[in-house]
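Me: I am new to this structure and would love a close look at a single part of it. Could you take me through the aromatic rings and the parts around them?

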Amino acid sequence: MRMNLTMRLAIASFVLSTRAVVARQHRPQRAFGLLMARSPTSTTTSLVLPHQSIRGGSTITKDVRRAATFSSTPSNSTSEPLEQQQTTTSTTDDDVAEPKYETLDKPAPGSPFHYAFPVHDLDVAKEFYGNTLGCLEGRSSEKWQDYSLNGHQIVCHWVGNDYRCQDYYNPVDGDDVPVPHAGLALTVKQFHALAQRLKDAGITFIIEPHLRFEGSPGEQWTMFFKDPSGNNLEFKAMTKINNLFTKYNVVKGVNEK
């Protein structure tokens, strides 16, 4: 009878020790503020919120556990990894259709100049710069219009129907030259072609096409006329283009005729 009692006590002690070991093995581990619980029969690790507990080796996680489960073994799912899904569903720059724009002219070589000036009527200016001078159109709005002047950007800005350019004059080689004025230095061939174009269009010249500074380094063909808003334009052509910036003093009666 005593042996049976002793054996029972030993068995009971063994059972209690075994349960204690098992309980320690299932003790929750904390990582990054969350409880990590691992099932002894699975390689799956579940995230358990801090207020949850483990009872009898099972986690109490409600629906959050299923949504935040990470498997340490490869998944048998046929779904693509996130990176591949992003690659196949995202659009690249090449896939985005860009609007098509019409470009009528190319910029002049080097550094094209930009010149903006006032006009009293954009439709009238368009007829003059677009048709009479043959400038190609660029960007525009209800208040201004771009043109290419041999690849240089000129812009007509509407400033009011009453606008007219105020002229000042300065003598140059016997002519009263209106200022301000703007234009291009053309080749001699281009100069004469434009002069004929203007004559055919009935344009009135302020200074008729002619050769000035004849026999000097600054020898050039020149002509002056106005646009419909009274803005002065000069187009010239150096007989020797390399002399365009030749530095010398023009003395009346010597270099200036």
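Reply: Happy to help; here is a walk from one ring pair out to the core and then to the charged pairs beside it.

Please keep in mind that this is a predicted model. Let us begin with the rings. The structure holds eight aromatic pairs. Take phenylalanine 128 and phenylalanine 225: their ring centres are 6.5 Å apart and their planes stand at 55°, so this pair is tilted. Such a pair joins distant parts of the chain, since phenylalanine 128 belongs to helix α4 (residues 122-132) and phenylalanine 225 to strand β15 (residues 220-226), 97 residues apart.

How covered are these two rings? Phenylalanine 128 has 5% relative accessibility and counts as buried. Phenylalanine 225 is buried as well, with a relative accessible area of 0%. Both residues are members of one aromatic cluster, formed by Tyr115, Phe117, Phe128, Tyr129, Tyr147, Phe205, Phe225 and Phe235.

Now widen the view. The largest nonpolar core has 25 residues, and Phe225 is one of those with the most contacts inside it, along with Tyr129, Leu133, Cys156, Leu198, Met223 and Phe235. Two or more residues come from each of β7 (114-119), α4, β9 (144-149), β10 (152-158), α5 (188-200), β15 and β16. Domain 1 (103-163) and domain 2 (164-251) each give at least three residues to this core.

The helix and strand of our ring pair also carry charged partners. In all, the structure holds four salt bridges. On the helix side, lysine 126 meets glutamate 137 in a salt bridge, with 3.3 Å from N to O. Here lysine 126 sits in helix α4 and glutamate 137 in strand β8 (residues 136-140), 11 residues apart. Glutamate 137 is partly exposed at 32% relative accessibility, and lysine 126 is partly exposed at 38%.

On the strand side, lysine 226 forms a salt bridge with aspartate 167, the closest N and O atoms being 2.5 Å apart. Lysine 226 lies in strand β15, while aspartate 167 is in the loop between β10 and β11 (168-172), 59 residues apart. Aspartate 167 is partly exposed at 22% relative accessibility, and lysine 226 is partly exposed at 27%.

One last stop is β16, one of the elements that give residues to the core. Glutamate 234 and arginine 212 join their side chains in a salt bridge of 2.9 Å, N to O. Glutamate 234 is in strand β16 and arginine 212 in strand β14 (residues 205-212), so the bridge ties together parts 22 residues apart in sequence. Both glutamate 234 and arginine 212 are buried.

Notes. Residues are numbered from 1 along each chain as its sequence is written. This is a predicted model: local features need pLDDT of at least 70, side-chain atom pairs count only at pLDDT 80 or more; totals for chains, interfaces and linings use all residues. Side-chain values use heavy atoms; hydrogens and water are left out. Rings of Phe, Tyr and Trp (its six-membered ring) pair if their centres lie within 6.5 Å; planes under 30 degrees apart count as stacked, over 60 as edge-to-face and the rest as tilted. Helices (H or I, at least four residues) and strands (E, at least two) are DSSP runs, numbered from the N terminus. Buried means under 20% relative accessible area, exposed over 50%, partly exposed in between (1.4 Å probe, protein chains only). A nonpolar core is a set of buried Ala, Val, Leu, Ile, Met, Phe, Trp, Tyr and Cys residues joined through side-chain atoms within 4.5 Å. Domain bounds come from an automatic or database domain assignment.
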